[in-house]
Amino acid sequence: MILFSIVAALLVLIVLVTLRAPPFLAFVIAALFAALLLGVPLARIPGAIEKGIGDTIGPVVITIVLGAFLGKLIADSGAAQRIADTLIGLCGPSRLPIAMAATGFLVGIPLFYNVGFVLMVPLIFSIVRRAGLPAVHVGIPLLAGLSIAHGFLPPHPSPTAVVAQLNADLGVTLIYGLMVGIPTLAIAGPLFAMTLKGIATTASPLFDAATAARERALPGAFASFACALLPVVLIAGATALHYAPLAPATAAAIGFIGNPTIVLLLSIAVGMVALGRSAGLSRAEIMDGFGVAIRDIAPILLIIAGAGALKQVLVESGADKTLAAQLAQLPLPPLALGWLLACVIRIAVGSATVAGLSAGGLIQPVIVATGADANLMVLAIGAGSLMCSHVNDSGFWMFKEYFGLSLRDTFRSWSMMETLVGVFGLVFVLSLDAVLRAV
């Protein structure tokens with residue numbers, strides 16, 4: 001009965017999202033439906049939904065919003081463009097797919113996916129015109145880098161929220177995410193792109209205007225790379241130093257500086273000086289950009305909040321422990337199970353964020369029961385949430401329309417790239433898990 005109730009609630013969620021209901025509303029209705037099926041007392045249902053929303057959104061809202069601010073600053077200042085130009089210049093035409101993959105990954109760390117996609121597509125077609133190469137061959141490595149950063153690395157919304165759901169360590173998850181993401185990118189990006197040279201595209205004329213529209217001076221290469229990578233360096237450095245034999249006062253200071261909130265505040269402050277000044281952005285323009293970033297990130301925050309409502313209903317009813325016991329008996333490693341849950345929800349719903357958060361809520365008690373590594377579980381879920389992008393995913397249609405592709409070629413290129421990210425992401429997560437267990 002418990003498994004039936006959970007499946008029924010997920011079906012309600014899927015149907016509502018498919019019917020274009022706002023995901024937050026869909027999650028709340030699904031949570032209410034699950035609570036009724038699972039026998040939660042009526043008087044406790046509203047409180048459980050409110051508690052789930054508050055407990056889920058509270059630990060992550062600052063990180064996600066500040067991350068959006070930093071990403072917007074890097075986009076508006078032209079730092080992302082400078083990073084791309086520098087990497088392409090260093091690698092040269094013969095290694096262009098490698099340069100594009102590195103660009104997508106580095107730019108994808110601070111930029112949220114949709115922003116990075118819209119920002120980088122004009123760059124792709126500008127390079128295509130100069131180099132005379134097929135657009136999909138050039139573009140897929142860059143978009144693979146964006147996708148991997150979106151699914152695996154904090155401070156992106158889904159991995160950040162799942163870190164909080166599973167009580168994982170954000171710094172360790174970030175380090176593991178880099179270890180898993182880079183080899184995954186090599187396969188799903190440059191290597192896979194070698195098979196796509198025969199796909200023809202039709203670029204939209206709007207890219208000519210978009211490429212020529214920037215008249216503002218670009219910031220320097222050092223400042224651009226430094227500001228984009230500063231959060232990664234500070235968080236990863238603080239995590240590594242956590243294991244060093246330091247004096248208590250020094251350890252406390254490093255822990256404070258390495259806190260994601262402090263890291264992002266410092267990064268924004270450095271970026272406002274280093275990028276804003278060199279790009280000629282006024283304080284008012286920077287603050288207006290932050291306002292736009294808040295509007296862009298609000299729907300994602302609501303999705304995260306709604307997912308917390310459904311998770312809390314499972315906790316209130318005791319279904320989480322029962323489900324954990326049942327799932328733990330399946331002949332699958334816990335990490336593969338988390339990946340599979342995210343994959344199934346992703347295929348049904350289309351949203352990587354919804355898939356990741358839903359799977360995180362379902363798999364959390366399994367981690368307690370099996371002792372699986374919570375940090376690796378975040379990555380396994382992230383890999384599963386990127387699998388099999390198809391017609392119910394907005395990214396699928398963005399890629400198809402921006403590149404002027406047929407459905408067949410979109411499946412062959414975009415959907416296959418996302419599937420390779422999901423499959424090899426899991427392979428490298430399981431490999432890393434085996435190495436960590438052997439050490």
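F424 is partly exposed in this predicted model, with a relative accessible area of 27%. F428 is likewise partly exposed, at 24%. The two rings form a tilted aromatic pair, 6.5 Å centre to centre and with 35 degrees between the planes. F424 and F428 are four residues apart in helix α21, a separation of about one helical turn. An α-helix has 3.6 residues a turn, so residues three or four places apart point the same way.

The structure holds seven aromatic pairs. Another of them joins F396 and F411. This pair is also tilted, with 5.0 Å between the centres and 50 degrees between the planes. F396 belongs to helix α20 (residues 394-403) and F411 to helix α21 (residues 407-438), so the contact ties together parts that are 15 residues apart in sequence. The environments of the two partners were also assessed. F396 is buried, with a relative accessible area of 0%. F411 is partly exposed, at 37% relative accessibility. Aromatic residues also group into a cluster, made up of F117, F399, F403 and W414.

Helix α21 also contains S415. S415 is buried, since its relative accessibility of 7% is under 20%. Leaving aside residues up to four places away in sequence, S415 touches S389, H390, F396 and T410. F396 thus recurs: it is a contact of S415 and the ring partner of F411. A438 lies in helix α21 as well. In contrast to buried S415, A438 is exposed, with a relative accessible area of 68%. The C-alpha atoms of A438 and L407 are separated by 45 Å. These two residues are 31 residues apart along the chain.

Helix α6 (residues 96-108) was examined for length and burial. At 1.5 Å a residue, its 13 residues should span 18 Å. The end C-alpha atoms are 18 Å apart, which agrees. The helix is mostly covered, with eleven of its 13 residues buried. The buried set includes L96, P97, M100, F105 and L106. T103, G104 and G108 are also among the buried residues. The buried residues of α6 pack against five helices: α5 (79-91), α7 (113-131), α8 (135-152), α10 and α12.

Open space was considered next. Rolling a probe the size of a water molecule over the atoms shows where empty space is left. The largest pocket holds about 950 Å³ of space. Its lining comprises 41 residues. Nearest the centre of this pocket lie N114, S351, T353, D393 and S394. Helix α15 (residues 283-317) provides the largest share of the lining, six residues. By class, the lining has 22 nonpolar, 13 polar and six charged residues.

The second largest pocket has a volume of about 490 Å³. It is lined by 25 residues, and D169, L170, G171, G258 and P260 lie nearest its centre. Helices α9 (157-165), α10 (170-193), α12 (221-241) and α13 (248-257) each supply at least two residues of this lining. Helix α12 gives the most, with four residues. The lining has 16 nonpolar, eight polar and one charged residues. Helices α10 and α12 contribute to this pocket, and both also pack against the buried residues of α6.

Enclosed space was searched across the whole structure. Three cavities of 30 Å³ or more were found. The largest has a volume of about 80 Å³. Its lining consists of I6, L10, F27, A307, L310, K311, L314, L357, S358, G361 and L362. Helices α1 (2-18), α15 and α18 (352-370) each give two or more residues to this lining. Eight of the lining residues are nonpolar, two are polar and one is charged. Helix α15 therefore borders both the largest cavity and the largest pocket, where its share is six residues.

The second largest cavity has a volume of about 50 Å³. T63, P154, P155, L170, P231, I235, P260 and L264 form its lining. Helices α12 and α14 (260-279) each give two or more residues. The lining has seven nonpolar residues, one polar residue and no charged residues. L170 and P260 line this cavity, and both are among the residues nearest the centre of the second largest pocket.

Methods:
Residues numbered from 1 in each chain as written. Predicted model: local features only at pLDDT ≥ 70, side-chain atom pairs only at ≥ 80, totals over all residues. Heavy atoms only, no water. Phe/Tyr/Trp six-rings, centres within 6.5 Å; stacked < 30°, edge-to-face > 60°. Buried < 20%, exposed > 50% of the residue type's maximum accessible area, 1.4 Å probe, protein only. Contact = heavy atoms within 4.5 Å. 1 Å grid on protein atoms, 1.4 Å probe; cavity = no way out; pocket = protein on both sides within 12 Å on 5 of 7 lines; lining within 4 Å. Points joined across faces, edges and corners; volume = space filled by probe spheres on them. Nonpolar A, V, L, I, M, F, W, Y, C, P; charged D, E, K, R; others polar. Expected span 1.5 Å × (residues − 1).
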